[in-house]
Amino acid sequence: MDLVTLWFWLIALTFTLYFFLEGFDFGVDILRPTLARTEAEERALTGTIGPFWDGNEVWVIAAAGLMFSTFPVWYGAVFSGMYPLFVAILLALLLRGVSFEYRNQVDSERWRAFWDWMSFAGSVVPSFLWGVIMAKLIEGMPVGREGRVQGGLLEMFTPFSLLGGATTLLLFMLHGANFLLLRLHTDTVLYDRARRAALRWGALATVAVVGFVVMGYVTEGLFESFGVLPWFFPVAAFLTLASIWLALSRRRDTLAFTMSGLTILFATVTVFIALFTRGEVLPSTLDPDFGLTLEETASQHYTLVLMTWVGGIFLPLIIGYQIWNYYVFRERVRPDEGSLKHGY
């Protein structure tokens with residue numbers, strides 16, 4: 001495997017880890033207004049993700065940084081062409097981080113309610129927009145002759161990209177509900193609500209995923225260039241999504257969370273396989289000849305070698321630290337103790 005291909009898949013790995021990890025804490029925040037009835041329950045739900053959310057966000061920083069270093073032309077086209085979407089995501093993440101820190105600084109119900117809704121908005125916006133962005137990578141953008149993206153903001157929102165946004169939003173909500181089944185004590189009413197939420201949003205997520213695949217196949221030719229082996233990933237995504245129902249019905253919480261995580265993993269890999277098998281990391285909707293290929297957008301060989309050494313050292317350290325963090329805070333949470341234990 002040459003370094004260009006290696007770094008393409010390493011970038012795919014960072015995005016996959018980000019969606020897997022940040023997906024469940026986005027989902028918890030989105031579900032919180034419908035699950036919590038009391039202040040203790042609010043704090044308990046926040047406490048389930050309190051030790052993890054800021055560490056999970058490291059992966060989007062890593063993905064952007066690695067993309068900038070190894071595929072600067074691809075990075076420039078995507079981030080400039082969808083600049084308003086990335087600004088909205090950044091502002092939402094900043095608002096979300098501030099809400100965690102500010103929520104309990106004033107003993108006022110209105111104050112806490114305000115920051116709870118800011119946290120909710122800070123999770124909904126990126127959950128939806130990341131799906132829009134992933135769909136646009138498949139669908140293509142109006143890339144001109146010199147690799148510059150033309151057109152305005154409205155061109156980012158098409159029926160296919162909007163369905164992509166709804167799909168990631170629902171998948172993250174399902175993933176968040178399954179995460180709560182691992183983090184909440186099983187003898188609490190909050191646990192029962194989380195289980196019902198997993199069943200409810202899982203049904204909608206299944207419909208959205210199937211609709212996205214069908215629309216991608218019919219209108220975007222998503223799987224036209226797939227070989228036999230790459231078909232494993234979209235099929236596996238559907239099977240793992242369907243298996244969540246069996247896991248939930250048998251109260252296999254760990255299995256349900258694993259399956260929702262694998263669904264996100266397989267779905268993300270499917271997007272990158274679609275780009276890889278086409279040979280274009282960003283198709284052009286203006287002219288097929290203007291699409292950006294891997295080789296055209298990659299950095300020079302020396303830069304790729306240097307980044308391989310950097311990535312080989314720091315990526316395992318980040319992964320190791322996060323594994324340790326999840327091990328330390330592995331205990332379940334209940335409304336009368338959980339959030340106070342972690343300072344949230």
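Here are some numbered notes on this predicted model, to read with the structure open.

1. **The annotated spans.** Start with what the record says. The UniProt entry, which is unreviewed, lists residues 6–28, 83–102, 114–138, 158–181, 201–219, 231–248, 255–276 and 302–324 under "transmembrane region". Two of these are worth a look in the model. Residues 114–138 are 100% helix and 0% strand, with 37 Å between the end C-alpha atoms. Residues 302–324 are also 100% helix and 0% strand, and here the end C-alpha atoms lie 34 Å apart.

2. **Helix 1 against helix 11.** Now find helix 1 (residues 3–35) and follow it to helix 11: their axes come within 9 Å and cross at roughly 150°. Why give both a distance and an angle? Because two packed helices are described by the angle between their axes and the distance between the axes. The crossing of helix 1 and helix 11 is right-handed. Which residues in helix 1 meet helix 11? On the helix 1 side they include Thr5, Phe8, Trp9, Ala12 and Phe15. Among their partners in helix 11 are Phe257, Gly261, Ile264, Leu265 and Thr268.

3. **Glycine 23.** Stay in helix 1 for a moment, since glycine 23 is found there. Is glycine 23 buried or exposed? Its relative accessible area is 1%, so glycine 23 counts as buried, the cut-off being under 20%. Leaving aside neighbours within four places in sequence, glycine 23 is in contact with Tyr18, Phe172 and His175. Try a distance too: glycine 23 and threonine 38 are 15 residues apart in sequence, and their C-alpha atoms are 25 Å apart in space.

4. **Two threonines to zoom in on.** Threonine 270 sits in helix 11 and is buried, at 7% relative accessible area. Where does its side chain reach? The side chain of threonine 270 comes to 2.7 Å from the backbone oxygen of phenylalanine 266. Threonine 240 is in helix 10 and is buried as well, with a relative accessible area of 9%. The side chain of threonine 240 makes a polar contact, at 2.9 Å, with the side chain of threonine 263. If you skip residues up to four places away in sequence, threonine 240 touches Met259, Leu262, Thr263 and Phe266.

5. **An odd backbone angle.** Arginine 251 is a nice one to check, as it has a positive phi of about 55° although it is not a glycine. You'll find arginine 251 in the loop between helix 10 (232–249) and helix 11 (253–278). With 51% relative accessibility, arginine 251 counts as exposed, because the cut-off for that is over 50%.

6. **Aromatic pairs.** How many aromatic pairs does a search of the whole structure find? The search turns up 34. One of them joins phenylalanine 52 and phenylalanine 329, edge-to-face, with 6.3 Å from centre to centre and 80° between the planes. This pair links distant parts of the chain, 277 residues apart: phenylalanine 52 is in the loop between helix 2 (39–49) and helix 3 (53–56), and phenylalanine 329 is in the loop between helix 13 (301–328) and helix 14 (338–341). Phenylalanine 52 is buried at 2% relative accessibility, whereas phenylalanine 329 is partly exposed at 27%. For another example, take phenylalanine 68 and tyrosine 75: the ring centres are 5.2 Å apart and the planes are at 75°, so this pair is edge-to-face. Tyrosine 75 counts as partly exposed, at 24% relative accessibility.

7. **Methionine 307.** Over in helix 13 is methionine 307, which is buried with a relative accessible area of 13%. Not counting neighbours within four places in sequence, methionine 307 is in contact with Trp7, Leu66, Ser69 and Thr70. Between methionine 307 and asparagine 104 there are 41 Å in space, C-alpha to C-alpha, and the two are 203 residues apart in sequence.

8. **Glutamate 296.** Last stop: glutamate 296, in helix 12 (residues 294–297). At 54% relative accessibility, glutamate 296 counts as exposed. Apart from neighbours within four places in sequence, glutamate 296 is in contact with Val73 and Gly291. Glutamate 296 and glycine 211 are 85 residues apart in sequence, with their C-alpha atoms 33 Å apart.

Conventions. Residues are numbered from 1 along each chain as its sequence is written. This is a predicted model: local features need pLDDT of at least 70, side-chain atom pairs count only at pLDDT 80 or more; totals for chains, interfaces and linings use all residues. Side-chain values use heavy atoms; hydrogens and water are left out. UniProt positions are given in the numbering used here, feature names are shortened, and annotations may be inferred rather than shown by experiment. Helices (H or I, at least four residues) and strands (E, at least two) are DSSP runs, numbered from the N terminus. Buried means under 20% relative accessible area, exposed over 50%, partly exposed in between (1.4 Å probe, protein chains only). A polar contact is a pair of N or O atoms within 3.5 Å; within protein, one must be able to donate a hydrogen and the other to accept it, and residues adjacent in sequence count only if both atoms are side-chain atoms. Rings of Phe, Tyr and Trp (its six-membered ring) pair if their centres lie within 6.5 Å; planes under 30 degrees apart count as stacked, over 60 as edge-to-face and the rest as tilted. Axes are lines fitted to C-alpha atoms, for helices over the stretch in contact, and angles run from 0 to 180 degrees between N-to-C directions. A crossing is left-handed if the near helix is turned anticlockwise from the far one by less than a right angle, and right-handed if clockwise. Contact means heavy atoms within 4.5 Å.
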